[in-house]
Amino acid sequence: MISLGFVTLDEQQERGYCTEVAKRAGRYGISVCRFSPLNIDPQTEYVHGSIFQAETSEWTDAVFAIPPFLYDRCFYGYDDRSKKAKPIMHWLKQRPDVVFLGYGLPGKWEVYESLSSHPLLSAYVPPTIRLERADDMLELLRHEHAVVAKPVHGSGGRGIYIIQKQGKTLSVQDGFGQERTVIARRKELERLITSLNRRDGYALQPLLSLSTPAREPFDLRFFLQKDETGRWIEQVRAVRIGRPGTWVANVRAGADIRPFADWLDHLPSPKRILVLDGIETIIRTLPTYIDSEFGPLFEIGLDLGVTDNGAVWILDVNSKPGRKVISILPPEQQNDIYEAPLRYCLFLASEVNHR
């Protein structure tokens, strides 16, 4: 039987999702275990984790060898556990006897640079610069009323700041629309940028007009996975609509998920054709290109923005996407998503056997 390990920083993280996958694993000849990289014994290389028991549909504590196939669902912060786990995961990804379902993406900056160099995709990437000095922001604000600063390793809308011109001052709001400070002097701006870059690098973009007529922020989320032949397929597309007065449409920030078709039906026909053409070009091109640039992935959460003029923009590419959007799918399609890691694991196992 093939062993698939579900790796999370916190042992309880995504327990429900992992359990749904594990319930279906037996019919694929796969056993599923879960563990934290922090629970690998460096001397024996054995893992203290838990194994799913198909007979009881429960997890039991166990000690086992590192599984040959791993599903990386580790999300890192700035805490000690994250700092300890990162080099362990890097070590695992270098091992020739271990295959990851997906090897993850580097920071947003590297992804932006890569997409910006592609002959087709570059047209959909907002102008982006690395925020290093006050002049970077001031130069962009000469042409824009407002800009957005995004952490290059952030996710879930955390760490985003909106900087808007207000007369001779700059208003700085977080992604939830809360004003964090008002900047009147250059030294204050320099201190802000130093503070932002202390923990993480930041990328700077013009603030796109991405809101509904009710002034709610929104974006389009596309969830793609590889099938049993290693081919990219789109599992679901949806619209995420944030709370009025905020700047992010992330579900963790309280956004609602609504059917894509309902949103599309409200667009005028010429704009609908323009938007769909942009979306299909990106969906057709981006996944395989990202694979070729950064190594194989298993799944992608792709966030697109659509401005009033019908222009489509790539907002974010996430190699460890959340699954809240699948809640709009009927049960049989949700089942497909729970089985997708198992089918792709079998594909990887067949690839290993043919080496």
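Select Phe 222 in strand E13 (residues 218-226) and Leu 302 in strand E16 (residues 299-306): these two residues are bridge partners. Strands E13 and E16 run antiparallel and are joined by 6 bridges. Helices (H or I, at least four residues) and strands (E, at least two) are DSSP runs numbered from the N terminus, and two strands pair if DSSP finds at least two bridges between them. The model is predicted: local features need pLDDT of at least 70 and side-chain atom pairs count only at pLDDT 80 or more, while totals for chains, interfaces and linings use all residues. Residues are numbered from 1 along each chain as its sequence is written, and side-chain values use heavy atoms, with hydrogens and water left out.

**Strand E13 and its other neighbour**

Now display the whole of E13, where 9 of 9 residues are buried (buried means under 20% relative accessible area, exposed over 50%, partly exposed in between, with a 1.4 Å probe and protein chains only). Phe 218, Leu 220, Phe 222, Leu 224 and Lys 226 point one way from the strand, and Asp 219, Arg 221, Phe 223 and Gln 225 point the other way. Next, add strand E14 (residues 232-241), which runs antiparallel to E13 and is joined to it by 9 bridges. Within this pair, select Arg 221 and its bridge partner in E14, Ala 238. The two strands form a hairpin with 5 residues between them, and Gly 230 in the turn has a positive phi of about 85°.

**The six-stranded sheet**

Move to the open sheet of 6 strands, whose order is E4-E3-E2-E1-E5-E6 with mixed pairing. Its edge strands, each pairing on one side only, are E4 (58-65) and E6 (99-100).

Begin with E5 (residues 69-72), which pairs with E1 (residues 2-7) in the parallel sense over 4 bridges. Val 7 has Asp 72 of E5 as its bridge partner, and Gly 5 stands opposite Leu 70. E5 is also parallel to E6, to which 2 bridges join it; here Leu 70 is partnered by Phe 100. Both faces of E5 are covered, with Phe 69 and Tyr 71 buried on one side and Leu 70 and Asp 72 buried on the other.

At the E4 edge, select E3 (residues 46-53), which pairs with E4 in the antiparallel sense over 8 bridges. Ile 51 has Thr 60 of E4 as its bridge partner. The hairpin of these strands has 4 residues between them, and Ser 57 there takes a positive phi near 55°.

**Two residues with positive phi**

Most residues other than glycine have a negative phi. Ser 57 is not a glycine, yet has a positive phi; at 38% relative accessibility, Ser 57 counts as partly exposed. Glu 14 likewise is not a glycine and has a positive phi of about 55°. To find Glu 14, select the loop between E1 and helix H1 (15-23). At 23% relative accessibility, Glu 14 counts as partly exposed.

**Helix H5**

Select helix H5 (residues 186-199) and colour its buried residues, Leu 189, Leu 192, Ile 193 and Leu 196. Seen down the axis of H5, these residues fall within an arc of 95° (taken from the directions from the helix axis to the C-beta atoms), so they line one face of the helix. On the other side of H5, Lys 187, Arg 191, Arg 198 and Arg 199 are exposed. The elements that cover the buried residues include helix H4 (134-141), strand E9 (161-166) and strand E10 (169-174) (contact means heavy atoms within 4.5 Å).

**The cavities**

Finish inside the protein, where a search of the whole structure finds 2 cavities of 30 Å³ or more. On a 1 Å grid over the protein atoms alone, a cavity is a set of points where a 1.4 Å probe fits but cannot get out, and lining residues have an atom within 4 Å of a point. Grid points are joined across faces, edges and corners, and a volume is the space filled by probe spheres set on the points.

The largest cavity holds about 100 Å³ of space. Its lining includes Tyr 71, Asp 72, Lys 93, Tyr 103, Phe 298 and Lys 320.

The second largest cavity has a volume of about 60 Å³. To show its lining, select Lys 108, Val 111, Tyr 112, Leu 115, Ile 314, Leu 315, Asp 316 and Val 317. Helix H3 (108-116) and strand E17 (312-318) are the elements that give two or more residues to this lining.

How values were computed:
On a 1 Å grid over the protein atoms alone, a cavity is a set of points where a 1.4 Å probe fits but cannot get out, and a pocket is an open set with protein on both sides within 12 Å along at least five of seven lines; lining residues have an atom within 4 Å of a point.
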